[in-house]
Amino acid sequence: MGRLYNRNVLLGVTGGIAAYKSAQLVRDLQEAGATVRVVMTRGATEFITPLTLQALSGHPVHQELLDADAEAGMGHIELARWADLVLVAPATADCLSRLAQGRADDLLTTLCLATPAPLMVAPAMNQGMWNDPATAANIETLTTRGVHITGPAEGSQACGDVGPGRMQEPADIAAAAQALFAAGQLDGLQLTVTAGPTREPLDPVRYISNHSSGKMGFAIARAAAEAGALTTLISGPVALETPESVNRIEVSSALEMYDAALAQMGHCDIFVGCAAVADYRPVESQPQKIKKGQETMQLELVRNPDIIAAVAAHSQRPFTVGFAAETQDVLDYARSKMHKKGLDMIVANDVAREDGGFNSDRNAATILWPDGSLEVPLTTKGELARRLIDTIAGQRRQQAGKVA
Ligand code: PMT
């Protein structure tokens, strides 16, 4: 899996003969894992058709500053926010000059100004133009502003000259783009996380459940995807949006969650059980709504299977991480759960606290593993999730080191 996995690359193509190489560049960026969208200047369309780049990128090619189809008519702002990297290749001498001046009179230059993402340019021009002091000054200005310059290469040019100014080969540009992004800690690994509550039906309109909102599990899914893992989120019923690049499987009851989790075995490297799974379910779910009758009624419940214990006992067991929601003797109970369920790690959280736990945006926890622990003071669930992903990555590395 390439370092551009989960990354959005906005490829700007300007009007130079090297524009024909942009088609291969789209492919190379996709090969590295990126989602690519293309913006072309009017000049670029003289060298390569938008249709070619649309077909290769799988997305419409953007050309106009004012886009009536975009929400609020501001396609440039939407694109600028979408991008994780804006890459201009080829970048002509004119384009470099316009970027250095901070012009905003076409779509490409406008979104280069508007984007919070890093900007990389791959210059492509005749050697005389590249050697001209005006171009050198523009390059210096752009470098000072933090723009990444890749190339140019030297060699024979389309005009017959020989010297510096050729656009780098697409594979080299894609490699330079990848180098901007640190390798994800979980690159190439598959992670499954369960989230939210389960619902155990009593009849068609009633169920037994709990207060889990799914926030903690969804934050873990987001952090895992950001760390490069191919992430599957098995979620009970919650009202949350699926994090980007995460594959969501919706379930309702503990039995459904059990089936979905066990179906991941064999292609799952890390399993995190964050869901608040009901320990018991009604022995029978009545087919019709239960009618009011006597003053009291008794419910007969049966134990649900323990999902995470089954995952940890599986012949193709992943690195298995549980959560322990406790209201007293938090660390002792959590450690004993880790041993009983055969886990590699457990996150102990005190759900009696008013400032964390169920349905809160924040949480404090202690991450425990057989020979160590990490206390994470009250913070956002997003930050706790990132700390957990870091810790999981570190412990897996250590385990691999012991095996080797
Ligand atoms: O969803 P939020 O509102 O953000 O709240 C987050 C949370 C409080 C739900 C979360 O941080 C948490 O603590 N989740 C675990 C809750 C829980 O059920 O803990 P437990 O101690 O009962 O279970 C221990 C572990 O066994 C958990 O990993 C649980 O997923 C797993 N389990 C439990 C029962 C069961 N039948 N199967 C399981 O896999």
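## Exercises on the ligand shell and the fold

Strand S16 gives the most residues to the shell around the ligand, with 4. The model is predicted.

**Exercise 1. Find which elements build the shell around the ligand, and sort its residues by type.**

Step 1. Start with the residues. The ligand is surrounded by 27 of them. The closest are Ser-212, Ser-213, Gly-273, Lys-337 and Asn-359.

Step 2. Now look for elements that give two or more residues to the shell. These are helix H9 (215–226), helix H11 (307–313), strand S16 (319–326) and helix H12 (330–341). S16 leads, with 4 residues.

Step 3. Sort by type. The shell holds 13 nonpolar residues, 8 polar ones and 6 charged ones.

**Exercise 2. Locate the backbone contacts to oxygen atoms of the ligand, then state how much of the ligand the protein covers.**

Step 1. Use 3.5 Å as the cut-off for a pair of N or O atoms.

Step 2. Check Asn-359. One of its polar backbone atoms is 2.6 Å from an oxygen atom of the ligand.

Step 3. Check Met-216. Here a backbone N or O atom lies 2.8 Å from a ligand oxygen.

Step 4. Check Ala-325. The distance from a backbone N or O atom to an oxygen atom of the ligand is 3.4 Å.

Step 5. Turn to coverage. On its own, the ligand has 770 Å² of accessible area, and the protein covers 95% of this. The space that the ligand takes is the largest pocket.

**Exercise 3. Work out the strand order of the open sheet with 5 strands, and explain why S2 and S5 each have a side without a neighbour.**

Step 1. Read the order: S2-S1-S3-S4-S5, with parallel pairing.

Step 2. Go to the edges. Strand S2 (35–40) and strand S5 (148–149) stand there. Each has a single partner strand, so one side of each has no neighbour in the sheet.

Step 3. Inspect one pair. Strand S1 (residues 8–13) runs parallel to S2, and 6 bridges join the two. Asn-8 has Thr-35 in S2 as its bridge partner.

**Exercise 4. Place the two prolines Pro-90 and Pro-152, whose preceding peptide bonds are cis, and Ser-245, whose phi is positive.**

Step 1. Take Pro-90. The peptide bond between Ala-89 and Pro-90 is cis, with omega about 0 degrees. Pro-90 lies in strand S3 (residues 85–91).

Step 2. Take Pro-152. A cis bond links Gly-151 to Pro-152, and omega is near 5 degrees. Pro-152 sits in the loop between S5 and strand S6 (153–156).

Step 3. Take Ser-245. Its phi is near 65 degrees, a positive value in a residue other than glycine. Ser-245 belongs to the loop between strand S11 (230–235) and strand S12 (246–250).

Notes: Residues are numbered from 1 along each chain as its sequence is written. This is a predicted model: local features need pLDDT of at least 70, side-chain atom pairs count only at pLDDT 80 or more; totals for chains, interfaces and linings use all residues. Side-chain values use heavy atoms; hydrogens and water are left out. A residue is near a molecule or strand if one of its heavy atoms lies within 4 Å of it. A polar contact is a pair of N or O atoms within 3.5 Å; within protein, one must be able to donate a hydrogen and the other to accept it, and residues adjacent in sequence count only if both atoms are side-chain atoms. Accessible areas come from the Shrake-Rupley method with a 1.4 Å probe; for residues, only the protein chains shown count as cover. On a 1 Å grid over the protein atoms alone, a cavity is a set of points where a 1.4 Å probe fits but cannot get out, and a pocket is an open set with protein on both sides within 12 Å along at least five of seven lines; lining residues have an atom within 4 Å of a point. A molecule sits in a cavity or pocket if more than half of its atoms lie within 2 Å of its grid points. Ala, Val, Leu, Ile, Met, Phe, Trp, Tyr, Cys and Pro count as nonpolar, Asp, Glu, Lys and Arg as charged, and the others, Gly among them, as polar. Two strands pair if DSSP finds at least two bridges between them.
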